[in-house]
Amino acid sequence: PLVLASLGRRLLRANDAAGAIPKLAAAAERGSRAATTFEDWAEALARGGRMEEAVDVLRKGLAVAPYAPALHKSLALRYIKLERYADARAALERYVELFPEDDFVRRLLEQVSAGR
């Protein structure tokens with residue numbers, strides 16, 4: 001899985017999201033437990049306009065790596081992009097519970113809660 005995840009990341013960084021998706025999906029399917037695999041896979045899907053799938057991937061990633069801040073933050077931002085504000089608020093609240101020191105996310109939670 002590590003080689004596939006590395007290839008996927010390299011393709012993503014080269015702006016080849018379509019090429020990255022199958023590599024990253026295969027890495028996850030073959031047992032990658034790295035949060036970066038799921039983060040990269042979700043990013044590749046989002047770049048391809050597949051935002052709902054990106055959310056699903058982030059949720060899978062959180063099932064594997066529940067204390068990965070980047071996955072929590074990315075999930076909340078994807079929900080905001082999808083205008084799923086109740087889901088975004090819940091994701092941000094969970095993030096702040098786990099990582100209370102993050103001022104940026106606390107402010108974002110305030111904005112989402114205020115309906116902005």
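Which residue, with a positive phi, follows H3? In this predicted model, the residue that follows H3 is Gly49, with phi near 80 degrees. Helix H3 itself spans residues 35-47 and contains 13 residues. From the first C-alpha to the last, H3 reaches 18 Å, close to the 18 Å expected at 1.5 Å a residue.

The buried residues of H3 are Thr37, Phe38, Asp40, Trp41, Ala42, Ala44, Leu45 and Ala46. Their packing partners are helix H1 (2-13), helix H2 (17-29), H4 and H5. The pairing of H3 with H4 was examined further. The axes of these two helices come within 8 Å and cross at roughly 175 degrees. Because angles over 145 degrees count as roughly antiparallel, H3 and H4 are therefore assigned a roughly antiparallel arrangement. On the H3 side, the contact is made by Phe38, Glu39, Trp41, Ala42, Leu45 and Ala46. On the H4 side, Met51, Glu53, Ala54, Val57, Leu58, Lys60, Gly61 and Val64 take part. By class, the residues of this contact comprise 10 nonpolar, 1 polar and 3 charged. Phe38, Trp41, Ala42, Leu45 and Ala46, which take part in the contact with H4, are also among the buried residues of H3.

Salt bridges were examined next. The structure holds 9 of them. In one, the side chains of Glu52 and Arg84 meet at 2.9 Å, N to O. This pair links distant parts of the chain, with the two positions 32 residues apart: Glu52 belongs to helix H4 (residues 51-64), whereas Arg84 lies in the loop between helix H5 (69-81) and helix H6 (85-98). Glu52 has a relative accessibility of 41% and counts as partly exposed. Arg84 is also classed as partly exposed, at 26%. The side chain of Arg84 takes part in another salt bridge, with Asp87, again at 2.9 Å, N to O. For Asp87, the relative accessible area is 31%, which makes this residue partly exposed.

A further salt bridge is formed by the side chains of Arg106 and Asp103, at 2.4 Å, N to O. Both residues lie in helix H7 (residues 103-113); because they are 3 residues apart, about one helical turn separates them. Arg106 is partly exposed, with 33% relative accessibility, and Asp103 is partly exposed at 39%. Elsewhere, Glu43, Arg47 and Arg78 are joined into one network by salt bridges that share partners.

Positive phi values were also found in residues other than glycine. One of these is Asn15, with phi near 60 degrees. Asn15 is placed in the loop between H1 and H2. At 66% relative accessible area, Asn15 is classed as exposed, since the exposed class begins over 50%. Glu83, likewise a residue other than glycine, has a positive phi near 60 degrees. Glu83 is located in the loop between H5 and H6, the loop that also holds Arg84. The relative accessible area of Glu83 is 57%, and this residue is therefore exposed, whereas Arg84 in that loop is partly exposed.

How values were computed. Residues are numbered from 1 along each chain as its sequence is written. This is a predicted model: local features need pLDDT of at least 70, side-chain atom pairs count only at pLDDT 80 or more; totals for chains, interfaces and linings use all residues. Side-chain values use heavy atoms; hydrogens and water are left out. A salt bridge is a side-chain nitrogen of Lys or Arg within 4 Å of a carboxyl oxygen of Asp or Glu. Helices (H or I, at least four residues) and strands (E, at least two) are DSSP runs, numbered from the N terminus. Buried means under 20% relative accessible area, exposed over 50%, partly exposed in between (1.4 Å probe, protein chains only). The expected span of a helix is 1.5 Å times one less than its number of residues. Contact means heavy atoms within 4.5 Å. Axes are lines fitted to C-alpha atoms, for helices over the stretch in contact, and angles run from 0 to 180 degrees between N-to-C directions. Angles under 35 degrees count as roughly parallel, over 145 as roughly antiparallel, 65 to 115 as roughly perpendicular and the rest as oblique. Ala, Val, Leu, Ile, Met, Phe, Trp, Tyr, Cys and Pro count as nonpolar, Asp, Glu, Lys and Arg as charged, and the others, Gly among them, as polar.
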